[in-house]
Every structure is written in C-alpha cells, then in structure tokens.
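Me: I've got this one open on my screen and could use a walk through it. Can you take my questions as they come?

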Amino acid sequence: MAVTADSVLKDLKSNKYAPVYFLQGDEPYYIDLIAEYIENHALSPEEKGFNQTVVYGKDVNVVGILNTARRFPVMAQRQVVIVKEAQEIQDLGQEKARTMLQNYCLKPVPSTILVFCHKYKKLDGRSKLAQTIAKESVFIETKKLYDNQIPNWISNYFQEKGFKITEKAVIMLAEFIGNDLSRMANEIDKLLINFNEKVQINEEVISKYVGISKEYNTFELQDALAKKDVVKANRIVNYFAMNPKNNPIIPIIALLYSYFTKVMMVHHSEDKSKQGIAKTLGVNPFFVDDYLSASKNYSVPKLIKVIEFLREADLHSKGINSNIEDGQILKELVFKVLHI
C-alpha cells in the first residue's frame, strides 16, 4: 500500500515491521533513511551475523533474492534482506522474474523483512508487478522537492532536532546546498554536533560551520543586484572570480535566474498584498519586501533584458559560442544587470 515516509518511520520506531518494502523514486534521502533504520534496528547486533543480508542490484537476480528471502531466521524472530540499487537487478525487466516477484509479494514469508531500494527510477505503474507491489507491500514513491519547498524542509528538520533557525540562515543553506536532501541533512547534522544546548542557528553560525561566507555568497550577490548596490556586487563577484572552485558559475546563474523570474512574477501578480504575492511566488511572507523592493528597481522591460543576460551567460558558461573564463562571464553579467 502506498504510504508516506513519515508514516513508515513512525511504524518502524514503534517496532511495526512489514514483510516487503518497495522504496522508489527520484529522491534518495527517504529511501536511504528507511532502509538504514531497518538495517540498524530490526535486529539486535547478535542476530545480524546470520540473519541480515545486504546486496546490490547489479550483483544479484530476482531468483537469488527470493531464495534468500525464503530462508528461515537462525535463532531470531526474523531476518532482514535489503537490496540496494534495486533498479540495477539483472533480470528485473524479464517477464519470468517479474512474475516470481509478483507472486512473492502476494504471499511473502512473514519472518522476513525484504526491502527494495529502487532509486531514481520507477516501475511502470501500468504493469501487474507495479500494481501488486503498490497493493501488497509497503510502497513509497519519493519525489524531489521543489526549490520553494526546501526552506520549510530545513526549518522542520531543525525543529525536529530541537533547534530554531533564522529565516536568513535557512535561505543561505537552501541556496548553498540546493535540493539535495541527503547532503543537506548531513551538513545540518555536522553543524549541530558543535552545540550541547538548543541554541538558535543564525547566519553567523552557518557561515562558521558550513563554510558559507557571510559576506561572499550568492544570497548577498542577489541582494546587491536587487538593490543595485554597485560596490557590494562588484566586491562579491570579484571574490567569486578569484575562487571559482568554491563558487561554480552554473548554480549561481540558476539561482539568479530563479530570483529574477520571481521578481517578474511580482509585476504580474493579481493579488498585490503580501500574502497574495507570497502565495504567487511560493515563498515565506518574510521575504516579500525584498521582492517588492527589487521590482521597483527592475521594470518588466528591464527584467526581460536581465533574463536574456542570464541565458546568454548560461550558454557561455557551458562553452557555447564562447571560450571566456567563468569569472569573466560573471563579471560581465553583473555589470550588464547593474547598468541596464
């Protein structure tokens, strides 16, 4: 049955295990989180030696997996079989193997916990196998979060850990790391190790422990461009140009493109209230004033030109019609945007 990752984790923490888990989708974070919980908690350390099997899809076939799953546990209540990278199982695309897996899901061994980690791909939902798995197993389909969902995810993650975080610190993390939830969780966990008390995390803390410069980051460049602060914008872009490995150009252009597209949306928003604009942009109302301020500096015709500049810079950064170094591309882009 299709369920959410949170509900599955809640059941697991209550020691409620199912015979078959099929975890698939584009977002590996929740797939790994559930599989790792089962791997670490379903059996005691003494039981794992004889009763826990972890294999990788490229090394096994369906017959081998099911033969292992049909074994009985040795001096334990259950056994665990985890198939990582299950999308690479050798014969998963063959009808005979698919029928065997389908039949097992219809009548699984109750003393076995069989987990498939099927990352970055999905079974054809129209197939009998997919329909059987969705109905008879604990089935999860994970999807990548949209950029505008990342800030809330970050805030909730800190809250679950018992910490508070400022809005600006959230945005710094979101812009620096993006929607890679596994990397985001890892960076946050490493940061929180430094604190014994439940303090509030602000931008200074992020700068210190995550390696994001408080002054020289894309958020500050974006802010400088929005305010047409020539001195600040040039200082930041010169720093980026001198440190290209730590400030790759393509993510910078992508973030600026996203930002100025939202500024354009402010102009076309029918509801000009803060709440209305926040809903249109898919952002926290806390940030609406920044977008409103930018919209005063950039009219619709100017924004059209800015987006053209960004597209041109993106092509140049990928070596199309240009052999200019990334730092120079960024400098030219910032100059054009500031002096439009």
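What follows is a chat about the strands, pockets, cysteines and a few single residues of this model.

Reply: Sure, and keep in mind that this is a predicted model.

Me: OK. How many helices and strands does the protein have?

Reply: There are 17 helices and 7 strands. The C-alpha atoms fill a box of roughly 70 × 50 × 45 Å along the principal axes.

Me: And what percentage of the residues is buried?

Reply: Buried residues account for 47% of the 340 in the protein.

Me: Let's talk strands. Is S4 largely enclosed or open?

Reply: Strand S4 covers residues 112-119, and 8 of its 8 residues are buried, so the rest of the structure largely encloses it.

Me: Which residues sit on each side of it?

Reply: On one side of S4 you have Thr112, Leu114, Phe116 and His118, and on the other Ile113, Val115, Cys117 and Lys119. All of these are buried, which leaves both faces of S4 covered.

Me: Which strands pair with S4?

Reply: Strand S1, residues 20-25, pairs with S4 in the parallel sense over 6 bridges. Strand S3, residues 79-84, also runs parallel to S4, joined to it by 5 bridges.

Me: Give me a residue to click on for each. What stands opposite phenylalanine 22, and what is the bridge partner of isoleucine 82?

Reply: Phenylalanine 22 faces phenylalanine 116 in S4. For isoleucine 82, the partner in S4 is valine 115.

Me: What about S3 and S2, how many bridges there?

Reply: Strand S2, residues 52-56, pairs with S3 over 5 bridges, in the parallel sense. Valine 55 is opposite valine 83 of S3, if you want a spot to look at.

Me: Which helices sit in the β-α-β units with these strands?

Reply: Helix H4, residues 62-69, forms a right-handed β-α-β unit with S2 and S3. Helix H5, residues 95-106, does so with S3 and S4, and that unit is right-handed too.

Me: Changing topic: pockets. What's the volume of the largest one?

Reply: The largest pocket comes to about 1200 Å³. Its lining has 47 residues, and those nearest the centre are Ile171, Ala174, Glu175, Phe176 and Leu255. Helices H7 (150-160), H8 (167-177), H11 (218-227), H13 (249-268) and H15 (288-297) are the elements that each give two or more residues to that lining.

Me: Which helix gives the largest share?

Reply: That's H8, with 8 residues in the lining of the largest pocket. By class, the lining has 23 nonpolar, 16 polar and 8 charged residues.

Me: And the second largest pocket, what volume does that have?

Reply: The second largest pocket holds about 520 Å³ of space. It is lined by 20 residues, with Leu9, Tyr29, Leu33, Tyr157 and Glu160 closest to its centre. The elements giving two or more residues to this lining are helices H1 (5-13), H2 (28-41), H7 and H9 (181-192).

Me: Which one gives the most there?

Reply: H2 does, with 7 residues. The lining of the second largest pocket splits into 8 nonpolar, 5 polar and 7 charged residues.

Me: Cysteines next. How many disulfides are counted?

Reply: The count is 0 disulfides. Cysteine 105 is in none, and the nearest cysteine sulfur to its own, that of cysteine 117, is 14 Å away.

Me: Why doesn't cysteine 117 bond with cysteine 105?

Reply: Because the sulfur of cysteine 117 is 14 Å from that of cysteine 105, its closest cysteine sulfur, and that is too far for a bond.

Me: Are those two buried or exposed?

Reply: Cysteine 105 counts as buried because its relative accessibility is 3%. Cysteine 117, at 2%, also counts as buried.

Me: Where do I find valine 231, and is that residue buried or exposed?

Reply: Valine 231 is in helix H12, residues 230-242. With a relative accessible area of 60%, valine 231 is exposed. Its C-alpha atom is 60 Å from that of threonine 53, which is 178 residues away along the chain.

Me: Last one: which residues other than glycine have a positive phi?

Reply: Among them is asparagine 15, with phi near 65°, in the loop between H1 and S1. Lysine 228 is one of them as well, with phi near 55°, and lies in the loop between H11 and H12. Lysine 228 is partly exposed, at 24% relative accessible area.

Conventions
Residues numbered from 1 in each chain as written. Predicted model: local features only at pLDDT ≥ 70, side-chain atom pairs only at ≥ 80, totals over all residues. Heavy atoms only, no water. Buried < 20%, exposed > 50% of the residue type's maximum accessible area, 1.4 Å probe, protein only. Helix = DSSP H or I, 4+ residues; strand = E, 2+ residues; numbered from the N terminus. Pairing = 2+ DSSP bridges. Right-handed = clockwise from strand over helix to strand, strands pointing away. 1 Å grid on protein atoms, 1.4 Å probe; cavity = no way out; pocket = protein on both sides within 12 Å on 5 of 7 lines; lining within 4 Å. Points joined across faces, edges and corners; volume = space filled by probe spheres on them. Nonpolar A, V, L, I, M, F, W, Y, C, P; charged D, E, K, R; others polar. Disulfide = S-S within 2.5 Å.
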